[in-house]
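These are my notebook entries from reading through one structure. I list what I looked up, entry by entry.

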Number of protein chains: 2
Amino acid sequence: MPPHCHPTTVYLSAPDMVRLVRRKGLSACIAGVAERIEREFLRWHDFDKSARLACHSAVGVIELMPIADASQFAFKYVNGHPGNHRHGLPTVMAFGVLADVATGAPRLLSELTLTTAIRTAAMSALAARKLARPGSRSMALIGNGAQSEFQALAFRDAVGVRELRLFDTDPRASAKLAANLAGLGLELRLCTSTAEAVRGADIVTTVTADKTNATILTPDMIEPGMHINAVGGDCPGKTELHRGVLEAATVFVEYEPQSRVEGDIQQMPADFPVTEFWQVLAGTRLGRSHAAEVTVFDSVGFALEDYAALTFMRDTAAELGIGDTVELVPQSQDPKDLFGVLRDEPAFGTAPAAAAAAFAVAARGQRLRATA
Amino acid sequence: MPPHCHPTTVYLSAPDMVRLVRRKGLSACIAGVAERIEREFLRWHDFDKSARLACHSAVGVIELMPIADASQFAFKYVNGHPGNHRHGLPTVMAFGVLADVATGAPRLLSELTLTTAIRTAAMSALAARKLARPGSRSMALIGNGAQSEFQALAFRDAVGVRELRLFDTDPRASAKLAANLAGLGLELRLCTSTAEAVRGADIVTTVTADKTNATILTPDMIEPGMHINAVGGDCPGKTELHRGVLEAATVFVEYEPQSRVEGDIQQMPADFPVTEFWQVLAGTRLGRSHAAEVTVFDSVGFALEDYAALTFMRDTAAELGIGDTVELVPQSQDPKDLFGVLRDEPAFGTAPAAAAAAFAVAARGQRLRATA
């Protein structure tokens, strides 16, 4: 029999992730995740991809988003419930796992609520860097909820946006966003309508939560050369753009099979032309072709972005010594003898305090290995 | 704004589950899960069902198995890697989650490795109670790995099996099984071939791990009236029965769309007749029709069984005061202000000891609510 091997699962709780982002810095995290996303998108064909599995109810959606390459399997659990604030809960909550493809052992369990906001902003900014007009400085930010600060900072850092025009149907959301962004080097303008916010903007980011076929942006608002970063049209029956906006634009998506079902392009015929963004990164397809072109990044969120975010957070946690371990898999002396775990007193009969101490030792061991 | 509400996630680690099963008793757990499976199968149409999402590699498979009714969403992560024992790891490792459909909040994170063995045995025994000949006393158990003890006990308790004939290509596996079952009221016979084990048996259970189109059972071994509980043919390219066995039998499955892809019936034409087992429970379809009929339960494992197991383990953990809580979701004073968690020192600046104490209080609160 081989030496006994216990599959250690590193655990990053929500408080751990808050500590990690504070210590690493939010801008550094967004940039780091963007770099990973770019790297992974450039090896697109290495991944076993599928559209996410969605479970819809009248009030929201719960999704599982798996993806794998030859060495790692990743998945994210994520919900979208626009009415959650009435229960004091976030609209979007998420967590995820990295596992070894070779054995199936889970290696990382991590919060992904904060991380999803970071990776979505990173993805948006990465796309805008390729698709927005060079020298874009102003952005309309429509929808000023939980994700809006992350979008603002990502566009400030990655694209050079300096002026933000804020609009939300709830003026308190805009006030919250403005307060959070104070002193961060952005000129802010509170607007009273989408049209006012969009007028003259180089970039328009829509990140609204309502699960409806909304028409946040109509064709009359669109100006030549605009880049539209449409983040909030991301499940069947949930769109943000009037179809005329799509008709007048060059449209980029993450993973076409999923975007046809979930994106703003769900409104369009199945042969409506779109470009998968990885092809722009790879240089096999053109991004923006001229200054007057209207570009749309019809973003729904794809599992590969979470794979990139999970690996970034795993490595950053190891670097900073943040995180714990969890025993998701039973230990037994003989892996063919699962029944034996019910009998092996020594392995599990330890007092809680001793078990906690053993966990701590395991956690330190994991960190040493991870940073070695 | 509504009162702040923190989504508490109960956590049952692998050691917690070992404690739970020891205290409740393995037989009681199998019986309890079987009861839940029966209850849930009887409201089949309440569930949003889908075939599981499988990610195959050369050495194994990793699967996500989601299901939901109007109130709860459940999923299981599970792998199958027949060569894992060479790494000192179990062939099958699993964990799962229960979440509120109304908000998407994760409510339970639980190990499911031990639990999967329990629920698979419970499902097998539940099916055999309806499909095996009344008075069945002898069972051949082909494949004596991690799941075999659980199958043996489930059939002892639920079906009245008293005699077991054991066979495995690895005689050490059979020896391990025999040792584990000593003193548990079963007459054991170690056999040197499948044919020897099967001859004269009332029930044949195959629970082998190899990911091949194996022919563990061939038509010549099958006797009138046998019930075949085929557990180990559960993914594309992984079967246990010769197609002649299926042709000569009445075949029952869990969820037809999944079984057509994964079950032993993957070898048969798409119109090969099968009965979904829930219909037998509901009384809308016949189970065994006469004593000489050969019945096959072509089991692959369905998400609804894990839903049943997760809810049973959640309730039993609450009853016994076992388990902890994890903070998978960030706390913020305003759910629309995710960015605020990076600023709110008081919420996360507490020392680890104080945080641990807060967790413990939350865990107790959860238990009180769960048992109320």
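Before counting any interface, I fixed the term: two residues are in contact if their C-beta atoms, placed from the backbone, lie within 7 Å. I also noted that this is a predicted model.

**Entry 1. The interface**

I looked up how many residues each chain gives to the contact: 70 residues come from chain A and 71 residues from chain B. On the side of chain A that touches chain B, helix α1 (residues 14–24) of chain A supplies the largest share, five residues. I then sorted the residues on that side of chain A by class and recorded 45 nonpolar, 16 polar and nine charged.

**Entry 2. The relation between the copies**

I superposed the chains next. A turn of 180 degrees with a shift of 0.0 Å along the axis lays chain A on chain B, with an RMSD of 0.0 Å. The two copies are therefore related as by a two-fold rotation axis. I asked through which surface the copies meet. Of the interface residues of chain A, 100% are also interface residues in chain B, so the copies meet through the same surface.

**Entry 3. The nonpolar core**

I looked up the largest nonpolar core and found 237 residues in it. Those with the most contacts inside this core are A:I30, A:A122, B:I30 and B:A122. I followed A:I30 further, leaving aside its neighbours within four places in sequence. A:I30 is in contact with A:I118, A:A121, A:A122, A:F150, A:L153, A:A154 and A:D157.

**Entry 4. Two packed helices in chain B**

I took helix α1 (residues 14–24) of chain B and helix α3 (residues 113–131) of chain B, which pack at an angle of about 40 degrees with their axes 9 Å apart. That angle makes α1(B) oblique to α3(B). From α1(B), I listed B:A14, B:M17, B:V18 and B:V21 as making the contact; from α3(B), I listed B:T113, B:L114 and B:T115. By class, this contact has five nonpolar, two polar and no charged residues.

**Entry 5. B:T113**

I returned to B:T113, which is found in helix α3 of chain B. Is B:T113 buried or exposed? I counted 22 other C-beta atoms within 10 Å, so B:T113 is buried. Leaving aside its neighbours within four places in sequence, B:T113 is in contact with A:V329 and A:P330 of chain A, and with B:A14, B:P90, B:V92, B:M93 and B:A94 of chain B. I also checked B:A152, which lies 39 residues from B:T113 along the chain; their C-alpha atoms are separated by 18 Å.

Definitions and conventions
Residues are numbered from 1 along each chain as its sequence is written. Chains are lettered from A and ligands numbered from 1 in the order in which they are written. This is a predicted model: local features need pLDDT of at least 70, side-chain atom pairs count only at pLDDT 80 or more; totals for chains, interfaces and linings use all residues. Helices (H or I, at least four residues) and strands (E, at least two) are DSSP runs, numbered from the N terminus. Ala, Val, Leu, Ile, Met, Phe, Trp, Tyr, Cys and Pro count as nonpolar, Asp, Glu, Lys and Arg as charged, and the others, Gly among them, as polar. A nonpolar core is a set of buried Ala, Val, Leu, Ile, Met, Phe, Trp, Tyr and Cys residues joined through C-beta atoms within 7 Å. A residue is buried if 20 or more other C-beta atoms lie within 10 Å of its own, exposed if 12 or fewer, and partly exposed in between; C-beta atoms are placed from the backbone. Copies are superposed by least squares on the C-alpha atoms of residues with pLDDT of at least 70 in both. Axes are lines fitted to C-alpha atoms, for helices over the stretch in contact, and angles run from 0 to 180 degrees between N-to-C directions. Angles under 35 degrees count as roughly parallel, over 145 as roughly antiparallel, 65 to 115 as roughly perpendicular and the rest as oblique.
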